[in-house]
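Please look over the sequence and the model shown below before reading on. The report is meant to be read beside them.

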There are 2 protein chains.
Amino acid sequence: MRDEIEIIERIRARAGPDKQLEDRVVAGIGDDAAVIATQAGTDLIACCDLMVEGVHFRREWAPPRLIGRKALASTLSDIAAMGGIARFTMTSVALPAGLPDGFVEDLFDGILELAAASGVALVGGDTSRSTDSIFIDVSLIGECQMGRAIRRNGAQPGEAIYVTGYLGASALGLKLLEAGFRLNGEGCNDSTSLGALRRQAVLKHLVPQPRLEAGRALGEGSLAGSMIDLSDGLSTDLSHILDESAVGATIQEGALPVAECVRALAVNDNTIDPPGLALNGGEDYELLFTASRESERALADIARKTGIPLTRIGEITSERGLRMERDGEVQPVQPAGYRHTI
Amino acid sequence: MRDEIEIIERIRARAGPDKQLEDRVVAGIGDDAAVIATQAGTDLIACCDLMVEGVHFRREWAPPRLIGRKALASTLSDIAAMGGIARFTMTSVALPAGLPDGFVEDLFDGILELAAASGVALVGGDTSRSTDSIFIDVSLIGECQMGRAIRRNGAQPGEAIYVTGYLGASALGLKLLEAGFRLNGEGCNDSTSLGALRRQAVLKHLVPQPRLEAGRALGEGSLAGSMIDLSDGLSTDLSHILDESAVGATIQEGALPVAECVRALAVNDNTIDPPGLALNGGEDYELLFTASRESERALADIARKTGIPLTRIGEITSERGLRMERDGEVQPVQPAGYRHTI
């Protein structure tokens, strides 16, 4: 049994005052609540994301550092998807008895490392015992210039649809983990090219990279009509934009930027369906957004500056529904990404 | 298995745009994150509070409406303890399979009812399955006038120590629940005076009343040097103020405002220790604060306006440590409230 106050004191000591934000954090960890100075001319962007052992992750799949890191990463991705700047996090964790020594510290190391790298200060949270599983709820408060948040409901017919990065590797990584492959285990860590490819897919699942820089640039430049992050799978997440914006879309299968490791591993394994993984696989944590033709040059600049490719995959239409063009034929697509059930 | 999107849509429909706050909630539930307009001249106050089944509550002790209500109430109490105004909440819940029909709706009814009564808008959250227990993490964003937050570290020697309301009933209610008494069961609901007293204690545990109005008045009037809410028990919570402020305190046992139901039930039950429950019992969710003599008249005004008594229970000293005066003798007191372990 570990003492909550002792754990909070250790986290507090390591959370430290972030240089960039210390003027704004009037009170951080250790009071009833954090006190944060507001900034004129900004809107707040607030969200939270829950990660539950046995539902979102398994303890044997990743060291605690990566579990903590991913909990923050998935929440950061929501701030990126609003075109915002992530600023402050509160993290609540519930932990069962019997965790190995150092588990809690490593979990928070993962959170604090990514927080520091993302310019985010840990300002609060709560800890508790749990009877069974690990629960991590990460709340984030971000900001954007007043009126610049990019919502799901702003897509307009005629806008092009873009995604950042490459798709499908995270879902394949999850399949590999479920099949027994481990990050540092056999088949993922050998010197063969197959091992390296599997490792790439598993890493994409366990260590997602939220697209903070690209999201912020799209927000600051008012370059996107609508935006969402790809957490449940492109077909499902794009459908959220279509529903909220009361529009439709046609995407080109051939344009989907399938991750290289997915294509390469599919060559010798016909159970791997690259376009299917790109369309319906979850947790890529890339950004999907819509933008008018006038944004094209600015988008190319963002891609060059961030080093993250932006790929045009289709177009928003006034006709409702989601359709995909393949070999010149257009077929309706049903959202088939991850569907959360309770 | 319930569909997360369906649940979110129902909550979204009921969360509605709060009349008072609708101009400020640019985007609420249903986007990647909430977007909130900031207000010039204010500081943000942010906190979260985790409630875990089997640790903080048991399903058989209270209907889901009261479980949801309490999760929000305990978090509101933290905002009150900063002298702030509660504004926006995000609520994450993880729920096991097999809950009775309507459980989720009732849980959120409890949250939404108290939110509405407290002027708070539900702007986001996350839902998930859990493998075993119910988890509720409530995040709150409040505000106060710039620089007016009341922290734990501002207690000064010579200040008087006050508490709102009455103490000890919640801890006694918890004991009664653990002993098998139920809110609407035998021994809590009969027409005897004993039944009514037990019910009062159990209600105090299950339906705490966060002192938002008093907290806000103390903050707006800059009337308190330091403040904390009583969640772990007075001896422990006061010690947090003493540690953070690098001061000590002497309290008078006879001055502790023991709840009437605690005193009355102790008459026929010598296992009930009224001063002990007032000193070390947790979850009263009253406010403990320190204030100078000059605040006395303003404090009396607040007590009159809110209808909540403010009782002077002791004094801050430059000599460190916590002491209690009983029958003219002064003895050191060890913090003996609830100590969280993980």
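The text below goes through the sheets, the helices packed on them, and a few single residues. The model is predicted.

**The sheet of chain A**

In chain A, 7 strands make up an open sheet with mixed pairing, and their order is E8-E10-E7-E11-E9-E12-E13. The edges are taken by strand E8 (226-229) and strand E13 (329-332) of chain A; each has a single partner strand, so one side of each has no neighbour in the sheet. On average, neighbouring strands of this sheet are turned by 25 degrees against each other, direction ignored.

The edge strand E8(A) is joined to strand E10 (residues 287-291) of chain A by 4 bridges, and the two run antiparallel. In this pairing, A:Ile228 stands opposite A:Leu288 of E10(A).

Two helices of chain A can be placed against these strands. Helix H2 (residues 64-80) of chain A lies across E8 and E10 of chain A, at about 175 degrees to E8(A). Helix H10 (residues 296-306) of chain A lies across strand E7 (160-164), E10 and strand E11 (310-317) of chain A, and runs at about 150 degrees to E11(A).

**The sheet of chain B**

Chain B has an open sheet of 7 strands in the order E8-E10-E7-E11-E9-E12-E13, again with mixed pairing. Strand E8 (226-229) and strand E13 (329-332) of chain B are the edge strands, each pairing on one side only. Here neighbouring strands are turned by 25 degrees against each other on average, direction ignored.

Three strand pairs of chain B are set out in the table.

| Strand pair | Bridges | Direction | Residues standing opposite |
|---|---|---|---|
| E7 (residues 160-164) and E10 (residues 287-291) of chain B | 4 bridges | antiparallel | B:Ala160 and B:Ala291 |
| E9 and E11 (residues 310-317) of chain B | 4 bridges | antiparallel | B:Thr250 and B:Glu315 |
| E9 and E12 (residues 321-326) of chain B | 5 bridges | parallel | B:Ala249 and B:Leu322 |

Strand E9(B) thus appears in two of the pairings, with E11(B) and with E12(B). Of the 5 residues of E9(B), 4 are buried, so the strand is largely enclosed by the rest of the structure.

Helix H2 (residues 64-80) of chain B lies across E8 and E10 of chain B and runs at about 175 degrees to E8(B). Helix H7(B) lies across E7, E8, E9, E10, E11 and E12 of chain B, running at about 150 degrees to E8(B).

**Packing of H6 and H10**

Two packed helices are described by the angle between their axes and the distance between the axes. In chain A, helix H6 (residues 212-220) packs with H10(A) at an angle of about 150 degrees, the axes being 10 Å apart. Angles over 145 degrees count as roughly antiparallel, and H6(A) and H10(A) are therefore roughly antiparallel to each other. Their crossing is right-handed. On the H6(A) side the residues that meet the partner are A:Glu213, A:Ala214, A:Ala217 and A:Leu218; on the H10(A) side they are A:Leu299, A:Ile302, A:Lys305 and A:Thr306.

In chain B, the axes of helix H6 (residues 212-220) and helix H10 (residues 296-306) come within 10 Å and cross at roughly 150 degrees. This makes H6(B) roughly antiparallel to H10(B). H6(B) passes H10(B) in a right-handed crossing. The contact involves B:Glu213, B:Ala214, B:Ala217 and B:Leu218 from H6(B), with B:Leu299, B:Ile302, B:Lys305 and B:Thr306 from H10(B).

**Two loop residues with positive phi**

Most residues other than glycine have a negative phi. A:Ser222, which is not glycine, has a positive phi, near 45 degrees. A:Ser222 sits in the loop between H6 and E8 of chain A, and its relative accessibility of 46% makes it partly exposed.

In chain B, the phi of B:Ala246 is also positive, near 55 degrees. B:Ala246 belongs to the loop between helix H7 (234-245) and strand E9 (248-252) of chain B. With a relative accessibility of 46%, B:Ala246 counts as partly exposed.

**A buried histidine**

B:His205 lies in helix H5 (residues 193-206) of chain B. Its relative accessible area is 2%, so B:His205 is buried. The side chain of B:His205 makes a polar contact of 3.0 Å with the side chain of B:Ser170. Leaving aside residues up to four places away in sequence, B:His205 touches B:Lys70, B:Ser170, B:Gly173, B:Leu174, B:Leu177 and B:Glu283.

Terms used:
Residues numbered from 1 in each chain as written. Chains lettered and ligands numbered in written order. Predicted model: local features only at pLDDT ≥ 70, side-chain atom pairs only at ≥ 80, totals over all residues. Heavy atoms only, no water. Buried < 20%, exposed > 50% of the residue type's maximum accessible area, 1.4 Å probe, protein only. Polar contact = N/O pair within 3.5 Å; in protein donor to acceptor, adjacent residues only side chain to side chain. Contact = heavy atoms within 4.5 Å. Pairing = 2+ DSSP bridges. Axes fitted to C-alpha atoms, helices over the stretch in contact; angles between N-to-C directions. Parallel < 35°, antiparallel > 145°, perpendicular 65-115°, else oblique. Left-handed = near helix turned anticlockwise from the far one by under 90°.
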